[in-house]
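This report describes one protein chain for a reader who has not met it before. The sequence and the structure are shown first, and the description follows.

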Amino acid sequence: MKELIIRKFEHTDVDAFIRISQSSFAEESIAAGITPEDFELETRRIFRWKMIPYRLLTMLMGVKWEAFVAEKDGVVVGGGMYIGQKDHMTLTNLMVDPQYRRQGIGQALLVKRLERLTERGFPYVTTQVLETNTASLQNLRKQNFEVYNQYSVYEHDLPLTTRNDPALAIREVNSSDRVLFRNMEKTITSPFALFVNGSAESQYFPSGWQKLFTRFTGYSRWIKALVVEGETIGFLGASYHRRQSKGSLLQPILPDKHLAHLPAMIQAAGSWLADSGKASMILEISDQRSEIRDYLLGNGWRKTYTWLELIKWLDEQARPNI
């Protein structure tokens, strides 16, 4: 029997990768609203034409990524990748053929990616796992990953019941909002999580290349600033993929003192998603924001998943003293 080989993903591996996804689709992907059918269509679209359009767009956006496959006896039996910007890389899309599990393949793919990231000089790497995925958590802890953040996902059917808030006005965001956005974000986000994940600023103020990439990948976005009595009190964004029945809300950038306006903010985003034909929407909220959690659970939202974000320091000198 041939030894296990971990090598870089090639465009000729697409069919094998899709085959594995159909029998070994990670619960994490389903939790993120991605079905095996969506994954197949997205993968074929991204990797057609030998991946040239995707590589070009990601390069122009400053996104760095690599994918790897596990091959045994000449058969691709697993895969995984990492992706990110600047110094922040994230491990994603780990899948192993069920017939080849419990043979150390997932761990080998993990180690290979960590070695590659270390070679490239990245100071740390993150990943996210459902808190119920004990097997993955065990593998990650073997490699000295540690939990640094936790958030939960809540879902509500659309359309929402109308919430009137005469004081609230909604407008488009503009470049002059950036400083206010960053200041608000600091008041509601853990300093460590903000250091590791970076600001959500690029999600609310996308570059031209990001907008092009969003269209290329089939997404539409709604990004607004919220105003009360002439004062901008917060920001909210929503998005959906053209093939998915659910829409998503970004974590609201809204200080606690303005939480009374949250229902109307969510209503506005929900109306946009409902008008776009979405059947439900999901909202991710840090478990530290208990007031928002209590509001959601008391108003028809259902908690679906809790995610753990983990980090491994590839360079201990990069660890902040926060």
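T232 has a relative accessibility of 14%, which is under the 20% limit, and therefore counts as buried in this predicted model. The residue belongs to strand β9, which runs over residues 231–241. Leaving aside residues up to four places away in sequence, T232 touches R171, L180, M184, A225, L226 and V227. One of these partners, R171, is 61 residues away from T232 along the chain, while the C-alpha atoms of the two are separated by 9.5 Å.

Another partner, L180, is placed in helix α7 (residues 178–188). L180 and T232 stand 52 residues apart in sequence, and their C-alpha atoms are 8.5 Å apart in space. How does L180 count in terms of accessibility: buried, partly exposed or exposed? Its relative accessibility is 31%, so L180 counts as partly exposed. When residues up to four places away in sequence are not counted, L180 touches T232 and F235.

**The chain as a whole**

These contacts may be set beside the totals for the chain. Its secondary structure comprises twelve helices and twelve strands. Of the 322 residues in the protein chain, 50% are buried. Among contacts with a separation of 6 or more, 72% are made by residues 24 or more positions apart. The protein chain has an accessible surface of about 16,200 Å², and carbon and sulfur atoms account for 49% of that surface.

**Two helices**

Helix α11 covers residues 262–275. From its first C-alpha to its last, this helix of 14 residues reaches 20 Å, close to the 20 Å expected at 1.5 Å a residue. How many of the 14 residues of α11 are buried? Eleven are, and α11 is thus mostly covered. The buried residues of α11 include the run L262, P263, A264, M265, I266, Q267, A268, A269 and G270. W272 and L273 are also buried in α11. The cover over the buried residues of α11 includes the strands β7, β8, β9, β10 (246–249) and β11 (280–286), together with helix α12 (290–297). Strand β9, which contains T232, is therefore part of this cover as well.

Helix α5 is formed by residues 105–119. Why does the span of α5 agree with expectation? At 1.5 Å a residue, its 15 residues should span 21 Å, and the C-alpha atoms at its ends are 21 Å apart. The buried residues of α5 are I105, G106, Q107, L109, L110, R113, L114 and L117.

**Backbone features**

A positive phi occurs at several places in the chain, and four of them are listed below with their positions.

| Residue | Phi | Place |
|---|---|---|
| K86 | near 55 degrees | loop between β3 (75–85) and β4 (88–96) |
| G121 | about 85 degrees | just after α5 |
| N144 | about 70 degrees | loop between α6 (134–142) and β6 |
| G277 | about 90 degrees | just after α11 |

K86 has this positive value although it is a residue other than glycine, and N144 is likewise not a glycine. With a relative accessibility of 69%, K86 counts as exposed. N144 also counts as exposed, at 55% relative accessibility.

A further backbone feature is the cis peptide bond that joins L158 and P159, with an omega of about 0 degrees. P159 is found in the loop between β6 (146–157) and β7 (168–172).

**The second largest pocket**

The volume of the second largest pocket is about 290 Å³. Which residues lie nearest the centre of this pocket? They are Y204, P206, K211, R221 and I223, out of 16 residues in the lining. Helix α10 (208–216) and strand β8 (219–228) each provide at least two lining residues. With five residues, β8 gives the largest share of the lining. Sorted by class, the lining of the second largest pocket consists of seven nonpolar, four polar and five charged residues. Strand β8 thus appears in two parts of this description: in the lining of the second largest pocket and in the cover over the buried residues of α11.

How values were computed: Residues are numbered from 1 along each chain as its sequence is written. This is a predicted model: local features need pLDDT of at least 70, side-chain atom pairs count only at pLDDT 80 or more; totals for chains, interfaces and linings use all residues. Side-chain values use heavy atoms; hydrogens and water are left out. Helices (H or I, at least four residues) and strands (E, at least two) are DSSP runs, numbered from the N terminus. Buried means under 20% relative accessible area, exposed over 50%, partly exposed in between (1.4 Å probe, protein chains only). Contact means heavy atoms within 4.5 Å. Accessible areas come from the Shrake-Rupley method with a 1.4 Å probe; for residues, only the protein chains shown count as cover. The expected span of a helix is 1.5 Å times one less than its number of residues. On a 1 Å grid over the protein atoms alone, a cavity is a set of points where a 1.4 Å probe fits but cannot get out, and a pocket is an open set with protein on both sides within 12 Å along at least five of seven lines; lining residues have an atom within 4 Å of a point. Grid points are joined across faces, edges and corners, and a volume is the space filled by probe spheres set on the points. Ala, Val, Leu, Ile, Met, Phe, Trp, Tyr, Cys and Pro count as nonpolar, Asp, Glu, Lys and Arg as charged, and the others, Gly among them, as polar.
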